[in-house]
Amino acid sequence: MATFNRTTLEEVLKKRFFYTPSFQIYGAVAGFYDYGPPGCALQANIIDLWRRHFILEEDMLEMDGSIMTPAEVLKTSGHVDKFTDWMVKDSLKTSDIYRADHLIKQELETRLEGDKQARAKLDGNVQSEKSKKKNDKSQMVKLEDSVKAEYEDIITRISNYNGVEIGEVIRKYNIKSPETGNDLTEPEEFNLMFESSIGPTGHQKGYLRPETAQGQFLNFKRFLEFNNDKMPFASASIGRSFRNEISPRSGLIRVREFTMAEIEHYVDPNNKTHSRFNEVKDIKLRLVPRSVQSEGKMDPIEMAIGEAVEKKIVDNETLGYFLARTYLFLTKLGIKPDRLRFRQHMPNEMAHYACDCWDADIHNSYGWIECVGCADRSAYDLTVHSNRTKEKLVVRENLAEPMIYDKTVLEINKKVFGPKLRQNSKTVEDYLTSLNEEQLEALKKALEDGNGTTKVPGTDGNQYEITSEYLTIKRQTFTEHVREYTPNVIEPSFGIGRILYSLIEHVYWTRKDDEQRSVLSFPPRVAPFKCLLVPLSNNPAFTDLVDELAKRIRKLSIAIKVDDSSNSIGRRYARNDELGTPFAITIDFQSVNDRTITLRERDSTKQIRENIDTILQVLKDLLEESTTWEKVMETYPTFTQQELD
């Protein structure tokens with residue numbers, strides 16, 4: 001990363017049309033991107049590998065759900081009320097809007113960089129102006145050690161802060177609008193969903209989905225039936241999601257439309273072991289658990305996932321299994337293991353229904369970026385949708401031995417309840433029937449303390465007075481021959497665009513002999529094009545052989561690119577190195593005479609020369625990973641001189 005130049009990489013990506021801002025000739029709209037031919041192919045290959053690695057290898061049940069979602073569904077799931085970020089505005093220029101936690105983090109990091117430069121100057125290690133980053137706005141000011149520690153602590157915890165805490169930080173550290181230096185407004189919540197309407201009347205409200213998960217939860221009964229009522233099992237979905245980001249920046253890292261790949265693994269809440277956990281238990285991950293973060297640090301601890309589960313650092317085997325499988329997927333893609341970590345959510349950062357949650361963070365030039373979230377969502381989603389629709393989203397399991405247990409239950413006296421509460425009876429009943437055992441016991445105590453009278457909220461938000469005459473709360477013994485339970489859900493959720501961009505940075509480099517020659521060293525399995533087919537020149541003598549080879553290679557289902565332009569052979573190699581094409585087949589005048597061709601490997605630039613059948617078989621073996629380039633070089637002699645005439 002010391003020599004990495006993002007500007008140079010972005011120029012390559014733009015020049016080679018990996019992706020570009022949408023609607024650009026109209027001035028573009030922030031947060032939307034179009035993928036060009038190599039970007040499309042790269043994304044498709046990442047998704048294909050994801051599907052093979054998870055859906056096929058884990059025997060998951062795939063579905064493709066609707067993008068438009070009725071408001072009622074997302075109200076039930078909590079997205080309408082809770083899917084928000086905190087924003088602040090320039091107090092004098094209301095068009096300048098910022099996501100508050102990102103603005104604070106950026107400002108404090110800039111101050112810390114200025115402190116670092118000031119300390120280096122005091123130590124006699126002065127950074128030259130030439131070596132400073134182009135967009136570095138830091139001022140060389142040494143901070144007190146205590147202030148420096150406060151800044152570092154805030155940066156670590158800022159994503160957990162509420163609006164009041166964010167406002168206090170802005171005021172305490174005098175954080176201003178970055179463009180004008182004006183004061184900022186108080187933080188306010190902003191819902192991130194795109195609102196729409198369904199149908200011509202506009203009466204049915206809807207949203208573009210913020211995730212693919214809800215469609216999977218609503219089809220749980222169908223999945224279970226399709227799986228012959230066997231547990232555990234997993235569903236999966238790949239598709240577009242939408243989030244109306246406050247101020248999208250950082251290219252593909254923060255966008256308003258993106259591709260997600262999500263898994264919902266349904267498991268018995270009393271048994272979260274995984275049948276294949278032994279296959280991954282020895283895989284070592286770089287973990288940042290809560291215990292480390294609570295000290296204001298982010299230093300990873302390398303630990304086998306089996307040990308992490310045994311010590312309850314990771315809550316259960318199934319969650320641990322998917323953390324390890326996520327690691328294997330990302331490293332198989334080409335993500336560097338030393339720039340990948342798994343960070344555990346802090347208690348105040350987790351959703352109220354989650355048992356445990358970890359993010360797979362990938363390091364790139366924007367810092368550590370969350371690219372995968374892996375959460376134990378407990379039974380929350382299936383429970384709330386079941387309560388709202390009265391549809392049982394449960395598993396029924398025949399018991400070898402009957403289960404006898406005591407449970408606190410509610411009985412409503414309909415003869416009194418309805419006539420007394422009249423038109424309000426349904427809203428109060430809906431509230432009462434949603435209470436769990438602990439809440440029912442609390443209500444019973446409230447009635448006893450109030451001499452048989454207390455107030456409860458209805459589902460409409462109003463308070464209603466009830467008495468002991470309306471209902472009975474008691475402990476009751478049950479005997480069950482069939483166990484009925486709501487599964488818990490382990491959810492790995494992948495942001496494909498963030499992974500794609502991080503991968504590009506991880507495989508990008510420039511040749512030592514020429515820094516203008518950029519290379520993207522994609523693993524062959526995800527490279528947009530697998531092979532370049534290049535005649536030495538556009539001489540008509542090569543036409544028939546080029547056509548023949550192109551047809552044969554495409555019949556092998558290998559994505560190729562033919563470059564018969566008039567540029568020099570070296571320039572054409574360089575152009576396709578920038579596309580990440582791992583291999584190149586070259587046809588020269590000798591090829592026309594004896595039907596031998598050369599095969600070039602992108603990273604080493606070394607070549608071999610053999611007959612057409614041999615080269616095509618070697619290429620096929622390389623792409624299927626049944627051999628490596630190192631083994632090829634041991635088997636065949638290195639070719640050094642192209643036949644030019």
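How many residues does helix α18 have, and how far does the helix reach from its first C-alpha to its last? The legends below take up this predicted model view by view, beginning with that helix.

**View 1. Helix α18 from end to end.** Helix α18 spans residues 543-555, which makes 13 residues. From first C-alpha to last, α18 reaches 19 Å, close to the 18 Å expected at 1.5 Å a residue. Following the helix, look for S557, which has a positive phi near 60°.

**View 2. The two faces of α18.** L545, V546, L549, A550 and I553 are the buried residues of this helix. They sit on the same side of α18 because they cover an arc of only 130° around the axis. Turned away from that buried side is a face carrying the exposed residues D544, K551 and K555.

**View 3. What covers the buried residues of α18.** Among the covering elements are the strands β24 (531-535), β25 (560-562), β26 (583-587) and β27 (596-601). The helices α20 (589-594) and α21 (612-623) also take part in this cover.

**View 4. The second largest pocket.** Here you can explore a pocket with a volume of about 2100 Å³. Its lining counts 45 residues, and those closest to the centre are T383, N387, T433, S434 and L435. Strand β17 gives the largest share of the lining, eight residues. Elements that each supply at least two lining residues include α13 (380-389), α15 (425-433), α16 (437-449) and β20 (471-485).

**View 5. Domain 2 and domain 4.** Domain 2 takes in 83-116 + 139-189, while domain 4 covers 528-633. Their centres, taken over C-alpha atoms, are separated by 53 Å.

Note on methods. Residues are numbered from 1 along each chain as its sequence is written. This is a predicted model: local features need pLDDT of at least 70, side-chain atom pairs count only at pLDDT 80 or more; totals for chains, interfaces and linings use all residues. Side-chain values use heavy atoms; hydrogens and water are left out. Helices (H or I, at least four residues) and strands (E, at least two) are DSSP runs, numbered from the N terminus. The expected span of a helix is 1.5 Å times one less than its number of residues. Buried means under 20% relative accessible area, exposed over 50%, partly exposed in between (1.4 Å probe, protein chains only). The arc is that of the directions from the helix axis to the C-beta atoms. Contact means heavy atoms within 4.5 Å. Domain bounds come from an automatic or database domain assignment. On a 1 Å grid over the protein atoms alone, a cavity is a set of points where a 1.4 Å probe fits but cannot get out, and a pocket is an open set with protein on both sides within 12 Å along at least five of seven lines; lining residues have an atom within 4 Å of a point. Grid points are joined across faces, edges and corners, and a volume is the space filled by probe spheres set on the points.
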